[in-house]
Amino acid sequence: MKDFWGFYWLMLRLLLAVAACAFVVGALLALLEHLLGDSTLVRLAQLGVVIAIAPVIGYAAGKLLREGPMTPEGKLVAYLCKRAKAEGFRVRKLSYEGRHGAPDRLILAPGAAVFVEVKAPGQRPRPEQTRELAIFNDSGLHACWVASKEDIDSVLTELSLRSWHALEEDPYV
């Protein structure tokens with residue numbers, strides 16, 4: 001329900017911003033009309049402003065309607081990607097063709113990697129996701145699931161410790 005009201009609050013702010021811009025443009029055009037005394041020039045200017053602003057407003061409104069508010073899981077994925085990139089890691093989105101259960105992200109560090117399944121707070125992985133994480137771990141790869149920012153921070157810290165960044169010298173040189 002929080003996301004529902006957050007979306008409408010965002011739309012209200014957009015409409016208020018558009019109204020404020022229209023008010024300022026209207027006031028400037030009225031001043032121009034008063035100074036010049038020629039309403040034809042002002043009407044052309046108004047038409048030009050509407051033609052210039054309408055696509056921007058339409059794009060912003062359309063983007064908000066298409067994307068809507070970010071889900072709790074989406075917020076965690078965004079946090080994971082931002083933090084991993086800030087650490088200098090590479091992030092890849094994963095998906096399988098013809099199968100279910102792929103982890104959401106692969107985080108690559110120099111000499112280390114981890115597969116990460118992101119869940120909304122309070123949720124757990126589905127059975128096929130748990131199976132895939134176990135397959136990776138049984139194969140000697142690192143895979144886990146996270147459901148909070150603290151979990152993400154812990155995984156990235158562990159990944160930093162396993163990467164070549166933590167070593168004094170590159171073992172392959």
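This is a guided tour of one predicted model, arranged as a series of selections to make in the viewer.

**The whole chain**

Start with the whole chain in a cartoon view, where five helices and four strands can be picked out, and where, read from the N terminus on, the elements follow the order α-α-α-β-β-β-α-β-α. If you then switch to a surface view, the chain exposes about 11900 Å², of which carbon and sulfur atoms supply 63%. Of the 173 residues in the chain, 27% are buried. Should you draw the contacts between residues at least 6 apart in sequence, 57% of them join residues at least 24 apart.

**A patch on the surface**

Next, select Trp9, Leu12 and Leu16, which form a nonpolar patch on the surface and together have about 330 Å² of accessible area. Trp9 belongs to helix H1, which spans residues 2–36. Trp9 counts as partly exposed because its relative accessible area is 48%, a value that lies between the 20% and 50% limits of that class.

**The largest nonpolar core**

In soluble globular proteins, nonpolar side chains tend to be buried together. Which residues have the most contacts inside the largest nonpolar core? Select Ile107 and Val116, for these two hold that place in a core of 20 residues. At least two residues of this core come from each of H3, strand S2 (105–109), strand S3 (112–118), strand S4 (143–146) and helix H5 (149–162), and H3 gives the largest share, with six residues.

Now keep Ile107 selected and show its surroundings: leaving out residues up to four places away in sequence, Ile107 touches Leu80, Ala84, Phe89, Arg90, Val91, Ala112, Ala113, Val114, Val116, Leu156 and Leu159. A second, separate core of five residues can be shown in another colour, and Leu106, Phe115, Leu133 and Ala143 are among its members.

**Val77 and Arg105**

Move to Val77, which lies in helix H3 (residues 72–86). Is Val77 buried or exposed? Val77 counts as buried because its relative accessibility is 13%, which falls under the 20% limit. Beyond residues up to four places away in sequence, Val77 touches Arg105 and Val118. A distance label from Val77 to Arg105, C-alpha to C-alpha, reads 8.5 Å, while the two are 28 residues apart in sequence.

Follow that label to Arg105, which sits in strand S2. Arg105 is buried yet has no salt bridge, and the nearest side chain of opposite charge, that of Asp104, is 5.4 Å away. Why does that pair fall short of a salt bridge? The distance of 5.4 Å to Asp104 is beyond the limit, because a salt bridge needs the nitrogen and the carboxyl oxygen within 4 Å. With residues up to four places away in sequence again set aside, the contacts of Arg105 include Val77, Leu80, Cys81 and Val91, and also Val114, Phe115 and Val116.

**Salt bridges**

The structure holds seven salt bridges, and three of them are visited here. Select Arg83 and Glu87, whose closest N and O atoms are 3.3 Å apart in a salt bridge. Both residues are partly exposed, Glu87 with a relative accessible area of 36% and Arg83 with one of 21%.

Add Asp153 to the selection, since Arg83 also forms a salt bridge with Asp153, in which the closest N and O atoms are 2.9 Å apart. This pair links distant parts of the chain, with Arg83 in helix H3 and Asp153 in helix H5, 70 residues apart. Asp153 counts as partly exposed, at 26% relative accessibility.

The next stop is the pair Arg131 and Glu132, whose side chains meet in a salt bridge with an N to O distance of 3.2 Å. Arg131 is partly exposed, with a relative accessible area of 40%, whereas Glu132 is buried, with a relative accessible area of 5%. Returning to the earlier selection, Arg83, Glu87 and Asp153 are joined into one network by salt bridges that share partners.

**Around Glu132**

Finally, centre the view on Glu132, which is found in helix H4 (residues 127–138). Which residues is Glu132 in contact with, once its neighbours within four places in sequence are left aside? Display Tyr96, Arg99, His100 and Gly101, for these are the contacts of Glu132.

Conventions: Residues numbered from 1 in each chain as written. Predicted model: local features only at pLDDT ≥ 70, side-chain atom pairs only at ≥ 80, totals over all residues. Heavy atoms only, no water. Buried < 20%, exposed > 50% of the residue type's maximum accessible area, 1.4 Å probe, protein only. Contact = heavy atoms within 4.5 Å. Core = buried A, V, L, I, M, F, W, Y, C linked by side-chain atoms within 4.5 Å. Patch = residues over 30% accessible without salt bridge, like charges linked within 9 Å, V, L, I, M, F, W, Y side chains within 5 Å. Areas by Shrake-Rupley, 256 points an atom, 1.4 Å probe, with all protein chains shown as cover. Lys, Arg positive; Asp, Glu negative; His and termini not counted.
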